[in-house]
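Let's take a walk through this model together, with the structure open beside the text. We will go from the ligand outwards and stop at a few backbone details along the way.

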Amino acid sequence: MTKISNHLPTAELQALDAAHHVHPFTTQTELAERGARVITGAQGCWLTDSEGHSILDAMAGLWCVNIGYGRTELAEVAARQMTELPYYNTFFMTTHAPVIALSKKLAELAPEGLNKVMFASSGSEANDTNIRLVRTYWAEKGKPEKQTIISRWNAYHGSSVGSGSLGGMKGMHMQGGLPIPGIHHIDQPDWWSEGGDMSPEDFGLERAQQLEKAILELGEENVAAFIAEPVQGAGGVIVPPETYWPEIQRICDKYEILLIADEVICGFGRTGHWFGSQAVGIRPDIMTIAKGLSSGYQPIGGSILSDEVAEVIGATEFNHGYTYSGHPVASAVALENLRILDEEGVVETFGSVTAPYLKEKFEGLARHPMVGEAKIVGGMGSIALTPDAESRAKFKAPGGTVGYMVRERCFANNLVMRHVGDRMIISPPLVISKEEIDTLIERAWTSLDEAMAQVK
Ligand code: PLP
């Protein structure tokens, strides 16, 4: 039998991949025609592919490799842990040192009053946990009718039945009978696309007040929680107007609605703070975590709970958990990742030195004739592509066509940027250097120029 490894010719790997591997969020027939790009290695902010290209990864994988690629300390910790205790569960009154240490570290890093963690293997699983958790919380408090969770259109909270229902991606809802009952969506605070003639400030307030309207319509006694990403990521890096979050917090407080901050992307330094909740000034009752928790080196996620939520949930047996909740190897690797982010000052340096430089350079892309706005919070940035910045017009080609063209030019120029419709996104590793930021901006500009030549 031929051993399948990077030594095989690219075309052979691509053919085998297309024959046997079903990719997420991909049209398989297109994949079979084009062949997947085969990634063979990575170091720092750079990927290598099977054709020998060196590619600047301005997306940190899928928004997750916060410490950058190639940190051998994490591999060593994983190997040690696999030798000592490769697996044991945390059901039935058992525990182990890696999960204890990770939980303690998370309690230290999280905002005040969030001290307990329930683990999962991904952000989707953690948000599924949250659905059951908030409903159980209110049932335990004698309000079992408080079941409905309010979320937002164009939010992304995961791909499972529960988390996909929490999300507001209409394309996902169309497949597989989503959303499940008891989820209600309000509009997103996307001023660029949906703000019309309103000022960003008025628009932010209007969108936040949709939460209050929904609570009154559904009945305060029926609403359990509101879930949102501090800054929407997969929806296109939608930076909300400054008026938005203070109003949301006021409404959650007024009506006793639990606030779930989905920190899967925003957490662990991505916004220039440890958590996105700190960047936008909110006090969540639950934070969903994953991705940067282990910088993607191991699959792990979880929910960090406020003391109040933990106390209520802890008073009964919460019939929930996954085989790999608090997996020892994933926990040990996540802890080592947090140690590096913390002790090497990665989050601190990113927030105080790198992010301001990145902001200055990234916002300069707004001067490109095809770019309307360039917005960035810490290391989450997006540019809106438009034929006319003044009127915030859309391209005549179907939404996403121009974004797709720019993304293709980026690939050709050895830069990974993602497109969401006609927005182009970055979310680089936090260890990106100033020189690499310059390269990123140069390649993005060149790719925009090349795409513009095709559009005209
Ligand atoms: N929540 C947010 C905000 C996300 O961006 C994602 C993934 O992109 C998820 C949840 C789901 O996480 P996972 O893909 O680990 O299930």
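**From the ligand outwards**

A good place to start is helix H6, which is mostly covered, with 13 of its 18 residues buried. Please keep in mind throughout that this is a predicted model. The mean pLDDT of the chain is 97, and 100% of its residues reach 70 or more. For the complex, the predictor gives an ipTM of 1.00 and a pTM of 0.98.

H6 spans residues 123-140 and gives the most to the shell around the ligand, contributing 3 residues. From its first C-alpha to its last, the helix reaches 25 Å, close to the 26 Å expected at 1.5 Å a residue. Just after H6, you will find Gly-142 with a positive phi of about 85°.

Now look at the ligand itself. Which residues are the closest to it? They are Ser-122, Gly-123, Ser-124, Gly-158 and Val-264, out of 15 residues that surround the ligand. Sorted by class, this shell has 8 polar, 5 nonpolar and 2 charged residues.

From here, turn to strand E8, residues 258-262. How many of its 5 residues are buried? The count is 5 of 5, so to speak a full house. On one side of the strand sit Leu-258, Ile-260 and Asp-262, on the other Leu-259 and Ala-261, and both faces are covered. E8 pairs with strand E7 (residues 223-228) in the parallel sense, over 4 bridges. Within this pair, Ala-228 stands opposite Ala-261 in E8.

Follow the chain on from E8 and you enter the loop that leads to helix H12 (276-280), where Phe-268 is found. The phi of Phe-268 is near 60°, a positive value in a residue other than glycine. Most residues other than glycine have a negative phi, and most peptide bonds are trans. Is Phe-268 buried or exposed? Phe-268 counts as buried because it has 31 C-beta neighbours inside 10 Å, and the cut-off for burial is 20 or more.

A second residue of this kind is Arg-392, with a positive phi near 55°. Arg-392 has its place in the loop between strand E12 (380-385) and helix H16 (401-412). Its surroundings are described by 15 C-beta neighbours inside 10 Å, and Arg-392 therefore counts as partly exposed.

For the peptide bonds, the spot to visit is the step from Leu-178 to Pro-179, which is cis, with omega near -5°. Pro-179 lies in the loop between helix H8 (170-173) and strand E6 (183-186).

**A sheet and its surroundings**

Next comes an open sheet of 4 strands, in the order E1-E2-E3-E13 and with mixed pairing. Its edge strands are E1 (39-43) and E13 (415-416), each of which pairs on one side only. E1 and E2 run antiparallel and are joined by 4 bridges. Here Ala-42 stands opposite Leu-47 in E2. The hairpin of E1 and E2 has 2 residues between the strands, and in it Gly-44 takes a positive phi near 60°. On to the following pair: E2 (residues 46-49) and E3 (residues 54-57) also run antiparallel, with 3 bridges between them. Trp-46 has Leu-56 in E3 as its bridge partner.

The hairpin brings us to Gly-70, which touches Ala-42, Gln-43 and Gly-44, leaving out residues up to four places away in sequence. Gly-70 belongs to the loop between helix H3 (60-63) and H4. Why does Gly-70 count as partly exposed? The reason is that it has 13 C-beta neighbours inside 10 Å, while a residue is exposed at 12 or fewer. Gly-70 and Ile-4 are 66 residues apart in sequence, and their C-alpha atoms are 22 Å apart in space.

Our last stop is Leu-85, in the loop between helix H4 (72-84) and helix H5 (97-109). Leu-85 counts as partly exposed because it has 14 C-beta neighbours inside 10 Å. Beyond its neighbours within four places in sequence, Leu-85 is in contact with His-96 and Pro-328. To finish with a distance across the model, Leu-85 and Ala-393 are 57 Å apart, C-alpha to C-alpha, and 308 residues apart in sequence.

Terms used
Residues are numbered from 1 along each chain as its sequence is written. This is a predicted model: local features need pLDDT of at least 70, side-chain atom pairs count only at pLDDT 80 or more; totals for chains, interfaces and linings use all residues. A residue is near a molecule or strand if its C-beta atom, placed from the backbone, lies within 6 Å of it. Ala, Val, Leu, Ile, Met, Phe, Trp, Tyr, Cys and Pro count as nonpolar, Asp, Glu, Lys and Arg as charged, and the others, Gly among them, as polar. The expected span of a helix is 1.5 Å times one less than its number of residues. Two residues are in contact if their C-beta atoms, placed from the backbone, lie within 7 Å. pLDDT is the predictor's confidence in each residue, from 0 to 100. Two strands pair if DSSP finds at least two bridges between them.
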